[in-house]
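Here is a round of "how do you know?" questions, with the cut-offs spelled out as they come up. Have a look at the model first.

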Amino acid sequence: MSVLTRDEAQTRAQLLDVQHYTVDLDLTTGDETFESTSLIRFTARTAGDTFVELKPETLHSAHLDDEPLDVTALDGNRLPLRLSEGEHVLRISTTMRYSRTGEGMHRFADPSDGESYVYTQLFMEDVQRVFAAFDQPDLKAVFELAVTAPEGWTVLANGITEQHPDGTWRSAATPPLSTYFVCVAAGPWHSVRTEHAGLPFGIHCRRSLAAHLDADADEILAVTKACYDRFHEKFDEPYPFDSYDQAFVPEFNAGAMENPGLVTFRDEFVFRSAVTVTERQTRAMVIAHEMAHMWFGDLVTLRWWDDIWLNESFAEYMGYQTVNEACSDLFPDTWVDFGVTRKAWGYEADQRPSTHPVAPDPEAVPDTASALLNFDGISYAKGASALRQLVAWLGEKDFLAGINIHFKRHKFGNATLADFIDNLAAATDRDVHAWADQWLRTTGVDTLTPALTGEGLRWNLAVDRDGSRPHRVAVGLYDRDPSGELVLRERRELDVPQTEPAALTGPRPALVVLNDQDLTYAKLRFDETSAESALRGISRIPDALTRAVIWNALRDMVRDGDLRPADYLEVALAHLTEETELALVQGVLGFARTQIADRYVTDEERPAALSTIRQIARALLRRTEDGEAPGLRLTAVRALIDSATTPDQIASWLDEGTVHGGPELDPELRWRILARLAVLGATDEPTIAAELARDPSATGQEGAARCRAALPTAEAKAAAWSALFDTDDLSNYLFTATAQGFWQPEQAELVREYVPRFYPAAIALGARRGAAMAEAAGRYAFPAYAIDQESLTLGEHHLTDEMIPALHRKLVDQLDDVTRALKTRT
């Protein structure tokens with residue numbers, strides 16, 4: 001299959017003006033394939049040769065202006081076209097194959113009730129798996145869909161759908177859309193429908209999840225409506241589509257996809273077990289993120305994939321900011337969670353060999369395969385951080401004015417980075433072009449360190465910058481009161497680099513926090529006095545966002561070898577037990593458990609690290625016995641389960657169906673306990689099978705696969721490996737679950753023989769099953785706990801250009817993490 005190059009896309013865009021697609025899909029022809037017909041109306045500006053893309057199981061016929069084309073001319077995914085100047089009609093009929101990998105038209109059979117569901121995910125190049133198209137983002141067109149579906153199914157699409165007397169479902173014509181935004185979701189959906197601002201709104205899920213969706217419907221719709229209203233206060237352009245549906249679909253690869261009028265979400269967001277408020281907040285943020293795309297991405301679309309950050313960074317920033325503004329009664333401070341989860345993702349991605357600018361040079365994204373690699377922590381979290389810094393520097397009024405100019409000039413069209421910057425510049429006197437060059441065209445993370453000089457009541461504060469970007473930062477100056485609390489003396493804004501040091505009056509602060517309130521994107525270090533105050537008193541700082549900034553700095557210091565992992569754990573033990581902000585508890589415990597305990601400490605040090613984590617969790621359990629903080633208690637229970645080194649306590653919970661003092665075990669906790677018991681060799685196949693009979697849902701199937709792969713026997717590992725790499729029977733989610741169970745730090749010797757087998761197996765799988773499964777193999781099936789020079793050398797030896805780019809990028813990142821872990825251990 002040929003990937004589309006930027007040069008080819010530019011040439012075709014100069015040749016073609018595409019007006020209209022009529023797409024007919026027949027979903028009644030069996031479980032393996034479906035029928036697809038495209039009728040495309042377009043104009044050739046001049047005579048010339050081009051091609052249309054499709055990836056059919058069978059190409060039945062192709063007609064250009066009623067003249068048959070040679071179907072044997074299909075070369076990979078390209079059918080050549082020779083065009084005369086003027087208007088044309090292209091009709092192509094195919095049989096297409098359903099996928100089990102979350103790409104194209106994904107088909108899923110619900111093990112709970114046997115019902116089947118299909119949905120499309122057409123991002124980048126996968127529209128070609130569903131219907132023939134001129135597949136590039138700057139050839140927008142109007143779409144009308146007709147879908148023949150089994151009896152009892154409902155069909156959702158980008159526009160309002162109606163079922164006609166012949167049983168066919170037809171969607172209203174859309175405004176001009178890029179091909180990758182077309183969406184169909186069909187099945188016996190459970191739906192909750194309402195109306196808001198004169199438009200039909202709906203949320204949809206599998207029937208087996210109906211009770212769980214109904215339980216959360218009020219919250220989901222309240223968040224949706226609040227964000228919709230808030231965006232209309234921010235944006236001059238009204239919502240541009242005829243309805244707003246949100247479908248929670250099974251085995252979805254991403255968090256969600258911004259299909260106009262029909263957003264698809266992974267259906268883990270329909271919570272079937274207890275969750276914390278931060279997890280509900282994440283769902284709200286994703287709702288806001290995808291809605292922001294209706295303007296930035298859907299109404300105005302990138303011209304080529306080098307500008308993907310324009311979509312994702314904007315939606316990421318707007319998602320957090322809008323939930324913070326519109327849903328503050330439910331989620332009072334989303335930026336704390338952004339700081340400890342998303343921002344850390346950006347920092348880590350930006351320090352790897354695979355880093356790239358937020359806005360890469362067009363030459364760095366020559367084709368769609370290379371573009372796919374940029375959906376990472378840089379395009380999302382770093383880009384959103386850059387925009388937050390831009391708002392701090394520019395002011396929100398001018399920022400929104402520039403955004404609205406952008407929408408007005410390019411609505412229903414395409415735009416570039418240059419367009420975006422020009423439109424921002426039109427709303428301000430500041431040099432936005434220079435800002436963009438310094439922030440968006442560079443890589444890496446600046447490091448800021450305070451330096452204080454002086455004595456008595458006169459001090460000067462200088463900010464040392466290791467890097468090149470300008471920063472607008474808030475600096476927090478804290479004093480220690482007689483009780484030991486750290487009290488904010490003042491918070492002032494500074495521009496870095498400074499023209500001269502900032503003059504301070506009063507005694508030397510006990511703590512200086514650069515980037516207080518987390519307005520810029522930079523790693524932080526402390527002066528010696530501040531470092532001691534931070535380590536001793538982080539829980540005594542009143543503002544949660546300031547504490548998040550400090551915890552992030554400590555995380556970075558561990559990763560950079562400037563703070564011993566054991567010291568980080570001691571700080572966590574001293575202060576996390578008193579922490580009131582749930583996002584911080586989850587973020588710190590998550591880093592401690594998955595990075596420090598599993599990778600950054602040696603095998604000999606690991607038991608002590610796990611013991612410290614259990615001490616923290618037990619202290620949190622004691623603190624929450626009154627039931628006042630259920631999210632904190634749930635977090636502590638999860639940490640205790642995941643860090644157990646002996647089975648007795650968690651096995652008793654499973655037998656009794658409850659944690660002593662609560663909570664009662666729901667399916668998520670039962671599978672979590674059983675997975676840990678499997679790792680410890682304290683359960684067996686009959687017990688796993690009995691639990692699966694108790695919970696035969698899709699999530700139960702994944703839980704069972706994870707547990708079976710985690711059993712510490714040669715037979716279990718051989719069976720799991722064969723399922724992963726010797727056949728292609730596993731869906732994307734079952735593959736991930738199996739891979740998650742396979743590698744365990746406690747079982748390093750048992751699985752050592754599989755380390756050298758991973759690389760050829762993953763390379764072959766990527767070649768067979770494509771980018772989504774290759775990325776899953778690189779992320780979840782990688783031997784992440786083989787932290788030794790031999791494994792690193794082995795991996796580096798296999799890094800060749802022969803593997804598909806998605807796998808190569810993931811392995812580069814994984815091997816860099818191994819290098820960092822080795823360095824941290826020494």
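**Labels and the values behind them**

Q: Why are α19 and α20 called roughly antiparallel to each other?
A: Helices α19 (residues 685–694) and α20 (residues 698–710) pack at about 170°, axes 9 Å apart. The cut-offs are under 35 degrees for roughly parallel, over 145 for roughly antiparallel, 65 to 115 for roughly perpendicular, and oblique for the rest. So the pair earns the roughly antiparallel label. On the α19 side the contact uses Glu685, Ile688, Ala689 and Leu692, and on the α20 side Gly700, Gln701, Ala704, Cys707 and Arg708. These divide into 5 nonpolar, 2 polar and 2 charged residues.

Q: What makes a residue nonpolar, polar or charged in that count?
A: Ala, Val, Leu, Ile, Met, Phe, Trp, Tyr, Cys and Pro go down as nonpolar, Asp, Glu, Lys and Arg as charged, and the others, Gly among them, as polar. A contact itself means heavy atoms within 4.5 Å.

Q: What sort of model is this, and which pLDDT limits apply?
A: The model is predicted, with local features needing pLDDT of at least 70 and side-chain atom pairs counting only at 80 or more, while totals for chains, interfaces and linings use all residues. Residues are numbered from 1 along each chain as its sequence is written, and side-chain values use heavy atoms, leaving out hydrogens and water.

Q: How do you know where a helix or strand begins and ends, and how its angle is taken?
A: Both are DSSP runs numbered from the N terminus: H or I with at least four residues for helices, E with at least two for strands. Axes are lines fitted to C-alpha atoms, over the stretch in contact for helices, and angles between N-to-C directions run from 0 to 180 degrees.

Q: What makes β25 and β27 the edges of their sheet?
A: The sheet is open, with 3 strands in the order β25-β24-β27 and antiparallel pairing. Each of β25 (486–496) and β27 (511–514) has a single partner strand, so one side of each lacks a neighbour in the sheet. From one strand to the next, the twist averages 20°.

Q: How do you know that β24 and β25 pair?
A: Two strands pair if DSSP finds at least two bridges between them, and β24 (residues 471–480) shares 10 with β25, in the antiparallel sense. One of the bridge partners in β25 is Leu486, matched with Arg480. Helix α11 (residues 528–537) lies across β24, β25 and β27, at about 90° to β27.

Q: Which strands does β7 pair with, and over how many bridges?
A: Strand β2 (residues 33–44) pairs with β7 (residues 86–97) over 12 bridges, in the antiparallel sense. Strand β4 (residues 58–64) is also antiparallel to β7, over 6 bridges. Thr43 stands opposite Glu87, and Thr58 opposite Thr95.

Q: Why is Tyr317 called buried?
A: Tyr317 has a relative accessible area of 3%. Buried means under 20%, exposed over 50% and partly exposed in between (1.4 Å probe, protein chains only), so Tyr317 counts as buried. Tyr317 sits in helix α4 (residues 308–326). Beyond its neighbours within four places in sequence, its contacts are Trp335, Ala384, Leu387, Arg388, Val391 and Phe399.

Q: Are Thr120 and Asp267 buried or exposed?
A: Thr120, at 2% relative accessible area, is buried, and Asp267 is buried at 7%. Thr120 lies in β9 (residues 116–121), and the residues touching Thr120 include Gly104, Met105 and Val130. Asp267 belongs to the loop between β19 (262–266) and α3 (277–293), where it touches Arg206, Leu209, Phe248, Val249 and Pro250, not counting residues up to four places away in sequence.

Q: What makes the phi of Asp66 and of Asp518 worth a note?
A: Neither residue is a glycine, yet phi is positive: about 70° for Asp66 and near 60° for Asp518. Asp66, in the loop between β4 and β5 (67–68), counts as exposed at 70% relative accessibility. Asp518, in the loop between β27 and β28, counts as buried at 5%.

Q: Which omega values go with the cis peptide bonds at Pro497 and Pro663?
A: From Val496 to Pro497 omega is near 10°, and between Gly662 and Pro663 it is about 5°. Pro497 is in the loop between β25 and β26, while Pro663 is in the loop between α17 (648–656) and α18 (667–679).
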